[in-house]
Each structure stands twice: as C-alpha cells, then as structure tokens.
Amino acid sequence: MQWYGLDMAPFRRIVASGRALAALVLASALVRILLLRAFRARTGLPLFVENYAADRLPAVSPAERLEMNAFSRCFACGRCDDGESERQRGSKGEYRGVMQFVLASSRNMPDHDAAVRALEHVPEQVLLEKEAICPAHVPISSLARFVRAKAAAMR
Ligand code: SF4
C-alpha cells in the first residue's frame, strides 16, 4: 500500500485514526525525507524540476506564488478587450485580446510560449492602461513579466 510514494505497510497494524494517524504519516514522511537527504538523494525543488520539466511546468518562487493570487482575480468582464480588435486582426490569430491572455496565462502555465507570442502584439504601455481600468485590479503588466520569465526558463 503506497501513499505519495510512502510505504504505508508499517501503519497497517497501528490502530490510529484522525489526527494521530496524520501525525504518524507526517512524522514518517519527515524521517524518510531526512534520510534521503542524508544520502544525497534528489528531493524538493530539484526533484520537482526533474519530474515536471517534460510537462513544461516551471517552478515558482514563494514571492511569485503570492503574485499568482492576484493574477487569478480576472472574472472575464471583457473590459480590457475594448479597442483591441485591430491588434487582434493584425496578429493573424496569435493575439485574441488581453482578457484571453490574462485568463490563459493565470490558469495554465505550460501555455506560456503561446502567451508570449500574443504579448508581442501589445505594447507595454497598453498593458499598463488596461491594468488601470481593470475592475479586479489584475496586475496585467506583472503577469506579462511573469509569463515572459517562465517561458524563457522553459526554453
Ligand atoms: S478587465 Fe480585468 S477582470 Fe476584466 S477581463 Fe480584463 S483582466 Fe479580467
């Protein structure tokens, strides 16, 4: 019996439930990680990178994680798409508007390559103007910076 790669066999005979069982499982996981690290096995961030690089899922820092809460505030009102039709037409399908960029980029990290191509059709000043009128105060310019950085990291 496995639980997150942890062999649960030793717990079969232990009569514990609820918080006691949770504490036992967590203690066992801690011991396992400490042993793995003592023998220089790959754990933590290096293991994350190894596991998810093929899925094009980059790691995020604690500061980026905090920023991501604000990225996902978009509720698809469409206000930031006002006046974008000419740029959309000119992009020949690469750019579908700021709202599409915000929604896709804040919910699906492996698509950042496509998001970067969309951004090439929108000047930075326009992103700042859209940010100023966004009722959800999505930091659109910061999201663009984040997307460019993550796309570059995965190249
Ligand atoms: S204006 Fe803000 S909330 Fe509305 S679609 Fe654009 S990013 Fe989302």
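1. R40 is exposed, at 78% relative accessibility. R40 sits in the loop that joins helix 1 (18-38) to helix 2 (44-52). The backbone deserves a look here. R40 has a positive phi, near 60°, and is not a glycine. This is a predicted model, and the points below should be read with that in mind.

2. On confidence: the protein chain has a mean pLDDT of 88. Of its residues, 90% reach 70 or more. By element, the lowest mean pLDDT belongs to strand 1 (residues 2-3), at 58. The highest belongs to helix 7 (residues 124-133), at 97.

3. A second arginine calls for the check made on R40. R56 also has a positive phi near 60°, in a residue other than glycine. R56 is placed in the loop between helix 2 and helix 3. Is R56 buried, exposed or partly exposed? R56 counts as partly exposed, with a relative accessible area of 29%.

4. Now the ligand. Which residues surround the ligand? One run of the shell is C74, F75, A76, C77, G78, R79 and C80. M99 is also in the shell, as are C134, P135 and A136. By type, the shell holds 9 nonpolar residues, 1 polar and 1 charged. The space that the ligand takes is the largest cavity.

5. C74 is one of the residues around the ligand. C74 lies in the loop between helix 3 and helix 4. Its relative accessibility is 14%, so C74 counts as buried, the limit being under 20%. C74 also has a partner to inspect from farther along the chain. The C-alpha atoms of C74 and P139 are 9.8 Å apart, with the two positions 65 residues apart in chain numbering.

6. Salt bridges come next. How many salt bridges does a search of the whole structure find? The search finds 7. Side chains of opposite charge can pair when their charged atoms come close. Three of these pairs are taken up below.

7. Start with E84. The side chain of E84 forms a salt bridge with that of R87, at 2.9 Å from N to O. E84 also forms a salt bridge with K130, at 3.2 Å from N to O. The E84 and K130 pair links distant parts of the chain, 46 residues apart. E84 is in the loop between helix 3 (62-71) and helix 4 (85-90), whereas K130 is in helix 7. Taken together, E84, R87 and K130 are linked in a network of salt bridges.

8. How do the members of this network differ in exposure? E84 is buried, with a relative accessible area of 1%. K130 also counts as buried, at 7% relative accessibility. R87 is partly exposed, at 26%. The cut-off for buried is under 20%, so R87 falls outside that class. K130 also belongs to helix 7, the element with the highest mean pLDDT.

9. The next pair is E94 and R117. Their closest N and O atoms are 3.7 Å apart, and the two form a salt bridge. This pair, too, links distant parts of the chain, 23 residues apart. E94 is in the loop between helix 4 and helix 5 (98-107). R117 is in helix 6 (residues 112-119). Both residues are partly exposed: E94 has a relative accessible area of 35%, and R117 is at 40%.

10. S91 is found in the loop between helix 4 and helix 5, the loop that also holds E94. Is S91 buried or exposed? S91 counts as buried, at 4% relative accessibility. By contrast, E94 is partly exposed. The C-alpha atoms of S91 and V122 are separated by 9.7 Å, and the two residues are 31 apart along the chain.

11. Last, helix 2. P46 has its place in this helix. P46 is partly exposed, with a relative accessible area of 45%. From C-alpha to C-alpha, P46 and A59 are 9.5 Å apart in space. In sequence, P46 and A59 are 13 residues apart.

How values were computed: Residues numbered from 1 in each chain as written. Predicted model: local features only at pLDDT ≥ 70, side-chain atom pairs only at ≥ 80, totals over all residues. Heavy atoms only, no water. pLDDT = per-residue confidence, 0-100. Helix = DSSP H or I, 4+ residues; strand = E, 2+ residues; numbered from the N terminus. Near = heavy atom within 4 Å. 1 Å grid on protein atoms, 1.4 Å probe; cavity = no way out; pocket = protein on both sides within 12 Å on 5 of 7 lines; lining within 4 Å. Sits in = over half its atoms within 2 Å of the grid points. Nonpolar A, V, L, I, M, F, W, Y, C, P; charged D, E, K, R; others polar. Salt bridge = Lys/Arg side-chain N within 4 Å of Asp/Glu carboxyl O. Buried < 20%, exposed > 50% of the residue type's maximum accessible area, 1.4 Å probe, protein only.
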